[in-house]
Amino acid sequence: MNAFEIIGGKPLKGEIIPQGAKNEALQILSAVLLTEEPMTISNIPDIKDVNKLIDLLAALGVKIDRIDKDTYVFEAKDINIDYFQSPEFKEKGGGLRGSIMIVGPLLARFGKAAIPKPGGDKIGRRRLDTHFLGFEKLGAKFVYDAATHFFNVDATELKGNYILLDEASVTGTANIVMAAVLAKGVTTIYNAACEPYLQQLCKMLNRMGAKISGIGSNLLTIEGVERLGGTSHRMLPDMIEIGSFIGLAAMTGSEITIKDVCFQELGVIPSVFSRLGIQFELRGDDIFIPAQDSYEIDTFIDGSILTISDAPWPGFTPDLLSIILVVATQAKGNVLIHQKMFESRLFFVDKLIDMGAQIILCDPHRATVIGLNKSHSLKGIEMTSPDIRAGVSLLIAALSAKGKSVIHNIEQIERGYQDIEERLRKLGADIKRVDVEPKGH
C-alpha cells in the first residue's frame with residue numbers, strides 16, 4: 001500500500017500556489033446540472049473527490065470537455081434520469097459524500113432524484129437531515145429504503161417557502177438554494193450558511209439568471225425563475241490549503257510565499273494564526289511568511305489561556321483546527337483547542353503524543369496543548385492518516401520532526417490535496433512515496 005516516507009527537520013523555502021477550493025468545487029460542479037447551456041469552470045482542483053464527481057456527471061450524461069489543466073466546459077443537455085436506479089450509480093454515488101450535492105439541481109430541473117447513502121471521512125456523524133428537511137419544505141417527498149440504502153426523492157412541482165434551517169449547513173444551504181432557484185414563488189432561507197464558497201455559488205447562479213438576494217448574510221431570498229442559462233466561473237483558492245501552508249512554514253521555520261490567496265475571502269483565518277505568534281506579510285495578494293525561530297501564543301486580555309474553537313462562518317473553520325493544534329505543539333505558551341462541530345476530529349493526537357508533543361486530550365472535543373517552544377523537536381514515527389485534515393496535520397508534524405516518519409493511508413490526504421508530494425518537494429521537502437504495509441496502526 002502507498003505511504004509517504006518523510007525525513008523531517010529541514011527548513012523549506014520557495015513559493016507555493018494553493019489549488020482551487022475543493023468544497024466550492026463540489027457545489028459549483030453540481031450546479032452545471034441546472035442548465036442545458038455550456039458552463040465553463042476554471043481553477044478546478046485535480047483531486048480524487050472532485051474527479052469522482054466529474055466522472056459521476058459524465059455517467060449521468062453531461063458532455064464534458066477539458067480545455068486546460070484546470071478548466072472544463074460542461075453541457076448538461078441530455079441527462080439520463082434512469083441512471084439513478086443503476087448499480088453503477090449506487091457504487092459511484094455511495095463512494096463520494098459530495099454526491100448529495102447533485103440532488104438539489106436534479107429536483108429543480110427534472111422533478112426527481114435518487115441518491116445512495118453517501119460515504120466520506122470518519123469524523124463523526126454528518127447528518128443529511130438539513131438537506132431533506134429543506135427539500136420537503138419546497139414540496140419534495142422522499143423515502144429512505146433501508147434495504148438498498150437509497151434515498152428516492154420526488155419533486156414534481158417545487159414551490160417556494162420559508163425555511164428556517166436547524167443548522168447552518170454549508171452543503172445543506174447550497175443544495176436547497178439550487179433546488180429553490182427554479183421553484184415557483186419565493187423561498188426564504190434563514191440561518192443560511194454564508195461561507196465564501198456559498199457566496200460564490202449564489203453569485204454564479206445570479207449570472208445564470210437566478211434571483212438571489214442577501215448573499216453573504218444568513219438570510220437568503222430566492223425568487224424562482226423559469227430557466228437558467230450558461231456562464232463561466234473561476235473557483236477561489238482553497239482556504240484550507242492556505243492555512244495548512246501557513247502552519248507548515250511556522251512548524252518548519254521556513255520562508256514560504258503563498259501565491260494568489262484572495263486575502264479578502266479568508267475571514268478570521270490569518271488573525272487566528274497571528275494569535276499563535278506566526279508572522280506574515282501581505283504582498284499584493286500573496287502571503288509571505290518569514291522564517292521564524294520561535295512563535296509565542298497570545299493569552300486573553302486577563303492573562304488566561306487562549307481558547308481557539310471552530311464555528312460556522314464567519315467563525316473559524318473546523319477544517320483548520322487540526323492544523324492549529326499541530327502548530328501549537330512547537331509554540332511558546334499553551335492553548336485549549338475546542339472542536340465543537342465534529343466529535344472525532346481530535347482522535348489523531350495520540351500520534352502527536354507518540355512524536356513527543358505535550359497534549360492533554362480532555363474529551364472528544366477538547367485538547368490542551370503545552371507548547372515546546374521548539375526546544376524539543378518532535379520525533380519521526382510510523383502512523384496512519386484517519387482523514388484528510390488530520391492526515392495533512394500529521395504530514396506537517398512529520399516535516400518538522402527529527403528523523404524518519406512513515407504515513408499510511410495517504411489516499412485520504414490525496415482526496416483533498418492536489419499533487420501535494422510534488423509541491424512539497426519543490427519547497428525542499430524530503431518526501432517520497434513508498435509501497436509498505438502498515439504495522440498494526
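What volume does the largest cavity have? About 60 Å³. Keep in mind that this is a predicted model.

Let me start inside. The structure holds 3 cavities of 30 Å³ or more. I'll take two of them.

The largest cavity, then. Who lines it? Helix H12, residues 388-400, gives the largest share, 4 residues. Helix H8, 239-252, and helix H14, 420-426, each supply at least two. Look at the names. The lining includes Ser 244, Phe 245 and Leu 248. Val 392, Leu 395, Ile 396 and Leu 399 are also in the lining. Tyr 417, Ile 420 and Leu 424 line this cavity too. By class, that is 9 nonpolar residues and 1 polar. No charged residue is in this lining. Ser 244 counts as the polar one.

Next, the second largest cavity. Its space is about 40 Å³. Pro 196, Tyr 197, Leu 236, Pro 237 and Met 239 are among its lining residues. So are Val 261, Cys 262, Glu 265 and Leu 266. The class count here is 8 nonpolar, no polar and 1 charged. Glu 265 is the charged residue.

Now out to the surface. Which residues form a nonpolar patch there? Tyr 162, Leu 164, Tyr 190 and Leu 219. Together they have about 400 Å² of accessible area.

Pick out Leu 164. This residue lies in strand E9, residues 162-164. Buried or exposed? Leu 164 counts as exposed, because its relative accessibility is 54% and the cut-off for exposed is over 50%.

Note on methods
Residues numbered from 1 in each chain as written. Predicted model: local features only at pLDDT ≥ 70, side-chain atom pairs only at ≥ 80, totals over all residues. Heavy atoms only, no water. Patch = residues over 30% accessible without salt bridge, like charges linked within 9 Å, V, L, I, M, F, W, Y side chains within 5 Å. Areas by Shrake-Rupley, 256 points an atom, 1.4 Å probe, with all protein chains shown as cover. Salt bridge = Lys/Arg side-chain N within 4 Å of Asp/Glu carboxyl O. Buried < 20%, exposed > 50% of the residue type's maximum accessible area, 1.4 Å probe, protein only. 1 Å grid on protein atoms, 1.4 Å probe; cavity = no way out; pocket = protein on both sides within 12 Å on 5 of 7 lines; lining within 4 Å. Points joined across faces, edges and corners; volume = space filled by probe spheres on them.
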